[in-house]
Amino acid sequence: MIVSQHVLPVFLGLLGLVLGSAVSALAYRLPLGISWIRGRSACPSCGTQLTARDLVPLVSFALARGRCRHCGAPVRWRYPLTELISAAWLVLLHLHVGLGWAYPLLVLWGLMLVTLMWIDLDHQLLPDALTFPGTLIGIAAALQWPGGARHALLGVAVGSGILWLLAWSYWKLRRVEGMGGGDIKLAAMFGAVLGWQQSLLTLFLAAAAGSVWGAVLMVRGRGDRRTALPFGTLLAPAAMVAFLWGNDLLWTYWSLFTRR
Ligand SMILES: [Zn+2]
């Protein structure tokens, strides 16, 4: 049954591409208060309403060579990228957890993280409208596993606790807000699913990526040590990486110290 083995991942990948374009629309519309469901997407440059022909994931982008068919303005690379990330998430997640009840919940959880990643990059904002339901969905997913309640509780406590502590000490030291409350709520959303070890890994990965990003900005002369990076933009994909490959990463890291 070679055919049926490949049909499911292909189907999930295609579904992921379609859901990915919905993620792009949500990330664009939610912070602007535009209805997600009603109204067609339009080209941000010329305002021409996009038709079904413009909205086929990846294909439209490739056929129009990354430009608007009407005015020729370049289409942002993040649209096809978001579609690819979403497709990869649906396929990899299926390999990781199978097709139980946790699957649709975690599909939603991951796609909401991708949405939050872009919204934080554009607006330095992590809307409660996503992080609150995201946390509930994360807890519901964790409850599908044995010991899930404890796993989720510890994950939320450690993830949000550390960020809250950092925000609090930063406030005490400098009297400026270094870390937003949005990051703390985002940590609850990924902590519920990841548990405490992988929440720590997520914070570590995001901080490491942030240092590299900050160094690049400084080298290019586009920021200094106090330039605020949107931490949520790093945390969200770090949480997805930690979920898929966290155990391997932690194991590799651990064996670096134990193998002589
Ligand atoms: Zn246009």
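# Exercises on helix packing, domains and single residues

The axes of helix 4 (residues 102–123) and helix 5 (residues 128–142) come within 9 Å and cross at roughly 150 degrees. The model behind these values is predicted.

## Exercise 1. Helix 4 against helix 5

Task: Which class of orientation do helix 4 and helix 5 have to each other, and which residues meet?

Solution.

Step 1. Start from the general description. Two packed helices are described by the angle between their axes and the distance between the axes.

Step 2. Take the angle, roughly 150 degrees. Angles over 145 count as roughly antiparallel. Helix 4 and helix 5 are therefore roughly antiparallel to each other.

Step 3. Add the hand. Helix 4 passes helix 5 in a left-handed crossing.

Step 4. List the residues. Helix 4 brings Ala102, Leu105, Leu106, Leu108, Trp109, Met112, Thr115 and Leu116. Helix 5 meets them with Leu130, Gly134, Ile137, Gly138, Ala140 and Ala141.

Step 5. Sort by class. This contact of helix 4 with helix 5 has eleven nonpolar, three polar and no charged residues.

## Exercise 2. Helix 5 against helix 7

Task: At what angle do the axes of helix 5 and helix 7 cross, and what is the hand of the crossing?

Solution.

Step 1. Read the geometry. The two axes cross at roughly 20 degrees and come within 7 Å.

Step 2. Apply the cut-off. Angles under 35 degrees count as roughly parallel. Helix 5 and helix 7 are therefore roughly parallel to each other.

Step 3. Assign the hand. Helix 5 passes helix 7 in a left-handed crossing.

Step 4. Name the partners. On helix 5 they are Asp128, Thr131, Gly134, Thr135, Gly138, Ile139, Ala141 and Ala142. On helix 7 they are Gly182, Lys185, Leu186, Ala188, Met189, Ala192 and Val193.

Step 5. Sort by class. The contact of helix 5 with helix 7 divides into eight nonpolar, five polar and two charged residues.

## Exercise 3. Helix 6 against helix 7

Task: How are helix 6 and helix 7 oriented to each other?

Solution.

Step 1. Locate the elements. Helix 6 covers residues 148–174 and helix 7 covers residues 181–219.

Step 2. Read the geometry. They pack at an angle of about 110 degrees, with their axes 6 Å apart.

Step 3. Classify. Angles of 65 to 115 count as roughly perpendicular. Helix 6 and helix 7 are therefore roughly perpendicular to each other.

Step 4. Add hand and chemistry. The crossing of helix 6 and helix 7 is right-handed. Its contact residues divide into 17 nonpolar, seven polar and one charged.

## Exercise 4. The two domains

Task: Which elements give two or more residues to the side of domain 1 that touches domain 2?

Solution.

Step 1. Set the bounds. The domain assignment gives domain 1 (1–99) and domain 2 (101–260). Their centres, taken over C-alpha atoms, are separated by 24 Å.

Step 2. Count the contact. In domain 1, 19 residues are in contact with 16 residues of domain 2.

Step 3. Name the elements. They are helix 1 (2–29) and helix 3 (78–97). Helix 3 gives the most, with eleven residues.

Step 4. Sort by class. The domain 1 side has 13 nonpolar, five polar and one charged residues.

## Exercise 5. Leu201 and Ser45

Task: Is Leu201 buried or exposed? Which residues does Ser45 touch beyond four places away in sequence?

Solution.

Step 1. Leu201 is in helix 7. A residue counts as buried with 20 or more other C-beta atoms within 10 Å. Leu201 has 22 such neighbours, so Leu201 is buried.

Step 2. Leu201 touches Ala242, Gly246, Leu249 and Leu250, leaving aside residues up to four places away in sequence. Gly246 is 45 residues away along the chain, yet the C-alpha atoms are 7.3 Å apart.

Step 3. Ser45 lies in the loop between helix 1 and helix 2 (59–63). Ser45 is partly exposed, with 14 other C-beta atoms within 10 Å.

Step 4. With the same sequence exclusion, Ser45 touches Cys68, Cys71 and Ala73. From Ser45 to Val75, 30 residues apart along the chain, the C-alpha separation is 9.4 Å.

## Exercise 6. Positive phi

Task: Where is Arg65 found, and where is Gln124?

Solution.

Step 1. Recall the background. Most residues other than glycine have a negative phi.

Step 2. Arg65 has a positive phi of about 50 degrees. Arg65 is in the loop between helix 2 and helix 3. With 9 C-beta neighbours inside 10 Å, Arg65 counts as exposed.

Step 3. Gln124 also has a positive phi of about 50 degrees. Gln124 is in the loop between helix 4 and helix 5. Gln124 is partly exposed, with 15 other C-beta atoms within 10 Å.

Methods
Residues numbered from 1 in each chain as written. Predicted model: local features only at pLDDT ≥ 70, side-chain atom pairs only at ≥ 80, totals over all residues. Axes fitted to C-alpha atoms, helices over the stretch in contact; angles between N-to-C directions. Helix = DSSP H or I, 4+ residues; strand = E, 2+ residues; numbered from the N terminus. Left-handed = near helix turned anticlockwise from the far one by under 90°. Nonpolar A, V, L, I, M, F, W, Y, C, P; charged D, E, K, R; others polar. Domains from an automatic or database assignment. Contact = placed C-beta atoms within 7 Å. Buried ≥ 20, exposed ≤ 12 C-beta atoms within 10 Å, placed from the backbone.
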